[in-house]
Amino acid sequence: MYNFAPRPFIKEGIMKRLAFLAVLFLTAFSINSFAQLDAATMAKRQARKNLVIKEWNTDAKSHSKWLDRVTTYDDQGRKIEEIEYNQYGQAWRETFEYGSNGRIVKDVHYDGKNNPTVIRKYEYNSDGTKKKQYNYSPNGKLRTTKIYEYSISE
């Protein structure tokens, strides 16, 4: 009598192929998702090339108007500066620097007197998500490090 039970090495081979196909599918899906995200980001940046946005506040009674915020974008559509104002002038300012990959690698926060208060530098994972943020004092001394952890809950 012949035994029709599958041989263990055949099962193992099939399982390896299925696992490989699953990984291949998920990788292709992930790359496609990031490509779409990057395309959307690039489309937004295209629309913001050399743009300066000024936000104004107006008092309801006196109808007096004052500048609230100015956001400036570079020739590649990336935000390079943001300035917040109050009734006395500049409240704070933040500048942004980008790496060759198009992601923010450094930002500097300034107080109302235009003195730097915090310098932040960033590291990214291969998928473009933030990995670490380093916070420095104006004199360059490392204050804190923030580590980003990503998980999906069900």
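Author: Happy to go through this predicted model with you. Let us begin with a term: a residue counts as buried when its relative accessible area is under 20%, and as partly exposed from there up to 50%.

Reader: Thanks! Why is Glu82 called buried?

Author: Glu82 has a relative accessible area of 10%. The cut-off for buried is under 20%, so Glu82 counts as buried.

Reader: What makes Arg69 and Glu82 a salt bridge?

Author: The rule asks for a side-chain nitrogen of Lys or Arg within 4 Å of a carboxyl oxygen of Asp or Glu. Between Arg69 and Glu82 the N to O distance is 2.7 Å, so the pair meets the rule. Arg69 sits in strand 2 and Glu82 in strand 3, 13 residues apart.

Reader: And why is Arg69 called partly exposed?

Author: Its relative accessible area is 22%. Buried would need a value under 20% and exposed one over 50%, so Arg69 falls in between.

Reader: How do you know that Glu82 forms a salt bridge with Lys79?

Author: The closest N and O atoms of Glu82 and Lys79 are 3.4 Å apart, and the limit is 4 Å, so this pair qualifies too.

Reader: What makes Gly112 a contact of Ala91?

Author: Contact means heavy atoms within 4.5 Å. The C-alpha atoms of Gly112 and Ala91 are separated by 4.3 Å, so the two residues are in contact. Gly112 lies in the loop between strand 5 and strand 6, and Ala91 is 21 residues away along the chain.

Methods:
Residues are numbered from 1 along each chain as its sequence is written. This is a predicted model: local features need pLDDT of at least 70, side-chain atom pairs count only at pLDDT 80 or more; totals for chains, interfaces and linings use all residues. Side-chain values use heavy atoms; hydrogens and water are left out. Helices (H or I, at least four residues) and strands (E, at least two) are DSSP runs, numbered from the N terminus. Buried means under 20% relative accessible area, exposed over 50%, partly exposed in between (1.4 Å probe, protein chains only).
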